[in-house]
Amino acid sequence: MEQMEKEAISKAEMEVARKEREAKKKEVRAKRKAFRTLCKERNYFCKTEEVPVQRMSDLEFLCDSLTPEELESLTETLKGLSIEDGNDIFIKKVNDERDRIEESQRRMATQQDSGVTFDNTSTDYDNWENEEMEVLVKAVNLYPPGTVKR
């Protein structure tokens with residue numbers, strides 16, 4: 001009886017979590033759609049017909065890289081501006097976001113470079129006692145590769 005109650009509670013919690021995830025996804029989709037619609041209505045903040053293709057790419061880049069809150073803030077900022085002013089802000093935001101991503105990638109690369117390096121000349125199993133090695137061999141034989149409990 002107690003087991004059934006626990007299962008019912010866990011199912012209810014999973015359902016609530018699923019609904020919250022779906023609500024967040026819906027909110028993100030709505031914010032992205034509002035931003036895309038605004039940009040499309042304003043001809044992607046350009047005066048010529050040649051530039052919109054690049055701007056469409058930049059628009060998708062911003063939609064993918066900005067948080068929903070940042071996207072909403074940018075949409076609200078661009079709503080009341082002229083095409084020229086919106087163009088400046090749009091380009092600045094794209095450049096800022098690309099710089100932020102490049103900086104993040106640079107930081108990650110330096111962390112990986114300065115991370116732990118492995119010395120291939122010595123191995124840790126040299127320090128193991130005979131008894132420890134025997135226990136390890138027994139465990140490996142008891143739970144062969146591909147089993148769940150290994």
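This is a short tour of the structure, one selection at a time, in a predicted model.

**Start with the whole chain**

Show everything as a cartoon and colour it from one end to the other. You will find 5 helices and 0 strands, and reading along the sequence gives the pattern α-α-α-α-α. Now colour by accessibility: of the 150 residues in the chain, 16% are buried. If you draw a contact map as well, look at the pairs with a separation of 6 or more; 65% of those contacts join residues 24 or more positions apart.

**Select α1 and α2**

Pick residues 2–41 for helix α1 and residues 52–65 for helix α2. Their axes lie 11 Å apart, and the packing angle is about 160°. That angle is over 145°, the cut-off for this class, and α1 and α2 are therefore roughly antiparallel to each other. Turn the view to look through one helix onto the other, and you have a right-handed crossing of α1 and α2.

Next, show side chains where the two helices meet. On the α1 side, select R32, F35, R36 and C39; on the α2 side, select L59, E60, L62, C63 and D64. What mix of classes does the contact of α1 with α2 have? By class there are 5 nonpolar and 4 charged residues, with no polar ones. Keep F35 displayed, as the tour comes back to this residue.

**Step into the loop between α1 and α2**

Two residues here deserve a look at their backbone. N43 sits in the loop between α1 and α2, and its phi is near 55°, a positive value in a residue other than glycine. F45 is found in that loop too, and F45 also has a positive phi, of about 60°, although it is not a glycine.

Are these two loop residues buried or exposed? N43 is partly exposed, with a relative accessible area of 27%. F45, at 1% relative accessibility, counts as buried; the cut-off for that label is under 20%.

**Select the phenylalanine rings**

Leave F45 on screen and add F35 and F90: ring pairs link F35, F45 and F90 into a cluster. A search of the whole structure finds 2 aromatic pairs. One of them, F35 with F90, is stacked, with 6.4 Å from centre to centre and 20° between the planes. F35 belongs to α1 and F90 to helix α4, so this pair ties together parts that are 55 residues apart in sequence.

Switch on a surface and check how much of these rings remains visible. F35 counts as buried, at 0% relative accessibility. F90 is buried as well, with a relative accessible area of 1%.

**Follow F90 to α3 and α4**

Select residues 68–79 for helix α3 and residues 83–113 for helix α4. The axes of α3 and α4 are 9 Å apart and the helices pack at an angle of about 160°, so α3 and α4 are roughly antiparallel to each other. As α3 passes α4, the crossing is right-handed.

Which residues make the contact? From α3, show L74, T77 and L78; from α4, show G86, I89, F90 and K93. The residues of this contact of α3 with α4 divide into 4 nonpolar, 2 polar and 1 charged. F90 is thus a place where two parts of the tour meet: F90 is in the α3–α4 contact and also in the ring cluster with F35 and F45.

**Finish with two residues of α3**

First select T75, which has its place in helix α3. T75 is buried, with a relative accessible area of 4%. Leaving aside residues up to four places away in sequence, T75 touches A34, F35 and L38. Here is F35 again, the residue that meets α2 and stacks with F90.

Then move to E70, which also lies in helix α3. E70 is partly exposed, with a relative accessible area of 35%. For a last stop, draw a distance from the C-alpha atom of E70 to that of K31: these two residues are 39 apart along the chain, and the separation comes to 9.8 Å.

Note on methods: Residues are numbered from 1 along each chain as its sequence is written. This is a predicted model: local features need pLDDT of at least 70, side-chain atom pairs count only at pLDDT 80 or more; totals for chains, interfaces and linings use all residues. Side-chain values use heavy atoms; hydrogens and water are left out. Axes are lines fitted to C-alpha atoms, for helices over the stretch in contact, and angles run from 0 to 180 degrees between N-to-C directions. Helices (H or I, at least four residues) and strands (E, at least two) are DSSP runs, numbered from the N terminus. Angles under 35 degrees count as roughly parallel, over 145 as roughly antiparallel, 65 to 115 as roughly perpendicular and the rest as oblique. A crossing is left-handed if the near helix is turned anticlockwise from the far one by less than a right angle, and right-handed if clockwise. Contact means heavy atoms within 4.5 Å. Ala, Val, Leu, Ile, Met, Phe, Trp, Tyr, Cys and Pro count as nonpolar, Asp, Glu, Lys and Arg as charged, and the others, Gly among them, as polar. Buried means under 20% relative accessible area, exposed over 50%, partly exposed in between (1.4 Å probe, protein chains only). Rings of Phe, Tyr and Trp (its six-membered ring) pair if their centres lie within 6.5 Å; planes under 30 degrees apart count as stacked, over 60 as edge-to-face and the rest as tilted.
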